[in-house]
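Here is a short report on a predicted model. It moves from one helix to two asparagines and then to the chain interface.

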Amino acid sequence: MPQIITEQNLRNLIDLLVKEAKLVVGPKLSGSVVLYEPLTAGSDLTLDALPRRSSKELFFPICEDILSYKRENGAMKVNDVDRSKFPETVLIGAPPCDAGSPAILDAVMSWDYKDEFYLERRRKSTIVGIACTKGDDACFCRAVGLAPDAEAGSDLFLTPLKDGSYACKAVTEKGQALVAAHKNLFAEGAGAEPVAFVDQAVEKLDLVKIKKWLEDHFEDPLWEKIADICVGCGACAFICPACHCFDINDEGSTDDGVRRKHWDACGFAKFTNHASGHNPRDVQNKRYRNRIMHKFKYYDDKFGKTLCTGCGRCIRACPVGIDIAEILETINTKHD
Amino acid sequence: MNAKANKNQVTSIEPAYYQAITEAIRKEAVQILKDETVVGVVGYLPGRRKGTASPALVTTVEEAEKLIFSPACVNNLSVYLTKAKKGVLKQGKVGIVAKGCDMRALAGLMTESQLQREDLFIIGVVCPGVYGFGVERTGTVTEANIARKCRECTVHMPEGADVAAGTHAELADLTPEEAEEMARIEAMPQAERWAFWKEHFSRCIRCMACRQVCPFCYCEQCLCDKNRPQAVESSPRPAGNMAWHLVRAMHLAGRCGGCAECERVCPMDIPLNLLNRRMAQELKELYDFEAGLTPVEKGPLNEYKENDDQSFIK
């Protein structure tokens, strides 16, 4: 039986979850930018704009301590982070290009090495996704196999209706449990007509063909053509829902400090700098090639998924206007 | 300041104005490529999305005929010339499209011996202004969508270029938003000002876009990348973020040409140009020096004079 929730009840749901001492995270205005931030009340939720950074940081924070150390009476004492203290979390209001990211990242985070920091947060989280009706000319989720109403990654999925309420679909058991625990906020019925989606400028891409071209063109003049203007910052990778490289640094002194894990990016010149001084990706276009290869070939080779949700953030934020959708379209048209 | 009527002041800059600049740039670029004055021209090409543009290095006449100048041509292209950054110069003399604000960076880079004037053919743009971040890209530039830095532009005419594309026009009655914001922050009690920056820096994700687009951040070993020993915490946390931005502001004092690219590219909307501008103000007050107006032998922080102001030593 389909269910609906009014906008007011959605906000009431947030209030209740906060009262239940859950960490509720959703799009919220922070200074001049909308970010995924802890909501203190339902009124904090803003669904007008795609947050500047993706929701991956809920599971894979910008920076987190992974252990601390201290020398005491000559002996070094190492303290692990108590992951059981990670809070029960509800992510609310993530569009498919963000809600879909864990569905992609779970594979690499639980592969040969289990990233218990990521996985513990995933276990303790429920994702309430929302169909996207706000796209712009940088959006290309359809091109990479998602859609403004794709449910992948969501536990509960909301579809905006013309009367301001939302149609709800429990996609997983976690989603069912969330609805069951707050039954009185949901009403049965199909509700009004859904709000229309925005058309996207990029046609659906043939990801198999693109991958094949990448396989055969590790060396190709195209890389210089598209990537020589890249200035080598990490903006695209950091705000991307799917990029997940990190660095680990010990910060503090030799006697007292913290080991921290924080975001890293393959666009940085030092990303592949070896201790010997040799750098296999010595120029920027090789680094940019890696970004494309990882997203549309390597990750697919290993995990059978594309490492891109088509959110368009990198297109909007690139300081020099590099447009990944345009690059994919270019590759898509190549036949050799 | 704008009270004096200026015949070049208009209420909107129409697409035809930018089109005229485009034509002039194409003509020059084609000419210098044809007669082999240069091996390439750093300019702008249109992007896929309507009303966007990207930097490009064009090396053929066919490509040069596609160069554009539009309100989306926001980048300071001089970043592509420094050795430590992109180093396109190693191939020979290069043409570059430069707005007035970009010319200041070129002059500064010449001052710092990073560029030689004879290696460049500068196609100056008589720029009436470019888009701000996230505005509507209608093709017409008005008070509503012009970049913040352009509201106080004093370098519409690109001094020292080989040729100039366009005729002088500028928008009338622009309020100096950034100057007003500077004054507002200056007026804050110190604790409040500290809180203002702390709040902004707390959002920094250390993507280094500010560093990477900056023509003057050409150090081959950035202090912030050092980890043996670590000089500045490289993790994106409040202490390291604050240290990074303050170190950078200090290092740019007397050098920054005010192109505000760092602020434009910041994905977290940190108003970085306020810091640079504040440092520029210090340099003006202490040494009567403005960076990058024309190439000079030495900047004030590169030399010592007996009569230098020493009031800052406490």
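## A covered helix

Helix H4 of chain A spans residues 116-123 and is mostly covered, with six of its eight residues buried. The buried residues are Phe117(A), Tyr118(A), Leu119(A), Glu120(A), Arg121(A) and Arg122(A). Several elements of chain A help cover them, including strand S4 (63-72), helix H3 (101-109) and strand S7 (125-130). Helix H5 (173-181) and strand S12 are also among the covering elements.

The N-terminal end of H4(A) has a cap. Asp115(A) provides it, placing a side-chain oxygen 3.1 Å from the backbone nitrogen of Phe117(A). Phe117(A) is itself one of the buried residues of H4(A).

## Two buried asparagines

Asn285(A) sits in helix H9 of chain A, residues 284-303. Asn332(A) belongs to helix H11 of chain A. Asn285(A) counts as buried because its relative accessibility, 11%, is under the 20% cut-off. Asn332(A), at 16%, also counts as buried because it falls under 20%.

What does the side chain of Asn285(A) make a polar contact with? Its partner is the side chain of Asp228(A). The side chain of Asn332(A) instead reaches a backbone atom, the nitrogen of Asp206(A). The table lists these distances with that of the H4(A) cap.

| Side chain | Partner | Distance |
|---|---|---|
| Asn285(A) | Asp228(A), side chain | 3.1 Å |
| Asn332(A) | Asp206(A), backbone nitrogen | 3.2 Å |
| Asp115(A) | Phe117(A), backbone nitrogen | 3.1 Å |

Leaving aside neighbours within four places in sequence, Asn285(A) is in contact with Trp223(A), Glu224(A), Ala227(A) and Asp228(A). With residues up to four places away again not counted, Asn332(A) touches Lys204(A), Leu205(A), Asp206(A), Lys209(A) and Ile210(A).

## Where the chains meet

On the chain A side, 43 residues are in contact with 36 residues of chain B. The two chains bury about 3000 Å² between them, and 50% of that is on carbon and sulfur atoms.

How many salt bridges are there between chain A and chain B? The count is six. In one salt bridge, the side chains of Arg137(B) and Asp137(A) meet at 2.5 Å, N to O. Across the interface, 22 residue pairs are in polar contact, both residues at pLDDT 80 or more.

Several elements of chain A each supply at least two residues to the side that touches chain B. Among them are strands S3 (33-38), S11 (246-252) and S12 (256-263). Helices H8 (235-238), H10 (313-317) and H11 (324-332) do so too. The residues on this side of chain A divide into 21 nonpolar, nine polar and 13 charged.

Definitions and conventions: Residues numbered from 1 in each chain as written. Chains lettered and ligands numbered in written order. Predicted model: local features only at pLDDT ≥ 70, side-chain atom pairs only at ≥ 80, totals over all residues. Heavy atoms only, no water. Contact = heavy atoms within 4.5 Å. Buried area = accessible area lost by both parts, 1.4 Å probe. Salt bridge = Lys/Arg side-chain N within 4 Å of Asp/Glu carboxyl O. Polar contact = N/O pair within 3.5 Å; in protein donor to acceptor, adjacent residues only side chain to side chain. Helix = DSSP H or I, 4+ residues; strand = E, 2+ residues; numbered from the N terminus. Nonpolar A, V, L, I, M, F, W, Y, C, P; charged D, E, K, R; others polar. Buried < 20%, exposed > 50% of the residue type's maximum accessible area, 1.4 Å probe, protein only.
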